[in-house]
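Colleague: I would like to learn how to read the interior of a model like this one. Could you take me through it step by step?

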Amino acid sequence: MKDISKGVIMRKNKRQLSSSQIIILGFAAVILLGSLMLTFPVATRDGKGASFTDAIFTATSAVCVTGLIVQDTATYWTGFGQGVILALIQIGGMGVVTVAVAVSTISGKRIGLKQRNLMQDSISAPKVGGIVRLTGFIIRMTIFFELMGAVIMAPTFCKEFGIWKGIWYSMFHSISAFCNAGFDLMGVREQYSSLTHFMNNPAINMAIMSLIVIGGIGFTTWDDIKVNKHHIRRYRMQSKVILATTALLLVLPALYFFFFEFGDMPMKDRIWSSMFQSVTPRTAGFNTVDLTLLSEVGIALTIVLMLVGGSPGSTAGGMKTTTLAVMFANAGSVFRRREHAHFFGRRIADQTVRTAATILIMYLTLALGAGFIISRVEDLPLLTCLFETASAVGTVGLSLGITPNLSLVSQGILILLMYLGRVGCLTLVFAAISGHQGNTARLPQEKLTVG
């Protein structure tokens with residue numbers, strides 16, 4: 001009898017999904033539902049509905065807050081279609097699990113330990129305790145900043161497009177910017193033009209850039225700032241690393257673009273363009289300049305920034321600022337012949353260094369491998385293809401204009417990259433090997449020379 005009961009319990013445990021599997025399936029379910037809705041005749045202006053290929057590409061790009069498109073958002077989709085896209089962006093930016101927990105909380109349902117653990121994994125929270133409070137903070141902060149962004153942009157858009165259309169445009173671009181999605185409705189001016197018509201508009205530039213940075217820093221970092229305010233020494237080490245790395249990744253590229261890429265522009269345009277171009281690769285996907293005019297060095301720098309992306313627990317994708325910081329800290333420890341890497345007087349765990357190295361290798365492999373394949377399949381320059389693949393896996397959305405004309409094979413590769421970039425490469429691996437116990441045996445050691 002005991003054996004039978006034990007077997008039932010074991011089978012029951014085997015059926016339980018891990019946090020990684022739930023996150024992956026949750027994103028997939030939302031993408032499929034969004035794809036179905038975008039195929040409705042009411043979703044497109046021609047009244048025929050989108051093809052499933054266009055629908056799933058657009059839905060994946062929206063849920064994965066990427067911004068790569070095969071059809072111009074403003075001219076191809078109706079108000080209903082744009083509303084579906086905006087809803088997918090909001091769900092994808094906040095996270096499927098966050099939205100589900102928020103709905104459960106609002107409806108008065110009790111949040112169990114399993115849901116709290118799932119939420120912790122979803123937003124990279126440091127601990128389970130206080131996770132419901134943090135969820136409420138995320139919802140309030142999201143609504144506040146998105147409304148503020150819309151209010152700031154409303155006067156400009158209402159003047160350009162009329163009151164009601166201007167309000168809709170303000171809301172759409174504010175949500176898209178905060179969620180680091182990069183979808184825009186400026187195709188009414190010129191298809192695929194993004195924000196190039198507002199290159200030197202202070203209100204639009206400041207609102208979009210601020211929303212991108214705020215959304216990309218991460219909810220747990222903002223919670224740390226809210227709790228400890230200006231007492232930086234009290235911040236968690238992760239918050240300090242995120243803020244310092246983000247600052248460097250904003251300032252240094254801006255200086256490069258100012259001195260080497262936009263030198264022929266009037267000074268006002270040059271300043272705004274340089275600042276915007278250093279911010280938008282944080283996985284936002286908007287652009288105020290024609291990216292095809294960048295030099296090869298400028299394109300390569302943008303590729304690197306897109307792969308790095310935003311920070312853990314944020315609306316942004318990419319391999320994350322902390323991954324880059326850990327790799328540089330580890331290199332510094334090797335240079336100084338120290339046993340461990342460290343930040344701000346705190347040692348970094350060896351497991352963290354190994355995880356960061358694994359993430360770096362996975363992102364480089366995906367971006368380079370997919371770039372090689374697309375370049376060969378489409379017979380296009382490799383650097384151009386690497387730009388698109390880095391944009392996809394980093395969930396950025398910047399493009400050199402080749403995505404709409406790619407074959408189904410290449411578009412399928414980009415869909416996969418966007419999905420992997422949003423749910424996380426390691427999340428997918430952990431989901432695949434969930435339930436398998438690793439081998440803890442230590443093999444004989446032998447020296448291997450590197451470098």
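Colleague: Which residues touch the most other members of the largest nonpolar core?

Modeller: In this predicted model, the largest nonpolar core has 104 residues, and within that set I89 and I208 touch the most other members. A second core, separate and made up of 9 residues, includes A341, F343, I348 and A356.

Colleague: What does I89 touch, leaving aside residues up to four places away in sequence?

Modeller: Its contacts are A62, V65, I175, S176, C179, A181 and F183. Of these, A62 is one of the buried residues of helix 3, while V65 comes just after helix 3 and takes a positive phi of about 40 degrees.

Colleague: How should I read a helix such as that one, and is helix 3 largely enclosed or open?

Modeller: The general idea is that an α-helix has 3.6 residues a turn, so residues three or four places apart point the same way. In the present case, helix 3 is largely enclosed by the rest of the structure, because 10 of its 12 residues are buried; the buried ones run through D54, A55, I56, F57, T58, A59, T60, S61, A62 and V63. Its length agrees with expectation as well, since at 1.5 Å a residue the helix, residues 52–63, should span 16 Å, and its end C-alpha atoms are 16 Å apart.

Colleague: How many helices and strands does the protein chain have, and what percentage of its residues count as buried?

Modeller: The chain comes to 19 helices and 2 strands, and 53% of its 451 residues count as buried. About 22,000 Å² is exposed, with carbon and sulfur atoms supplying 64% of that area.

Notes:
Residues numbered from 1 in each chain as written. Predicted model: local features only at pLDDT ≥ 70, side-chain atom pairs only at ≥ 80, totals over all residues. Heavy atoms only, no water. Helix = DSSP H or I, 4+ residues; strand = E, 2+ residues; numbered from the N terminus. Expected span 1.5 Å × (residues − 1). Buried < 20%, exposed > 50% of the residue type's maximum accessible area, 1.4 Å probe, protein only. Areas by Shrake-Rupley, 256 points an atom, 1.4 Å probe, with all protein chains shown as cover. Core = buried A, V, L, I, M, F, W, Y, C linked by side-chain atoms within 4.5 Å. Contact = heavy atoms within 4.5 Å.
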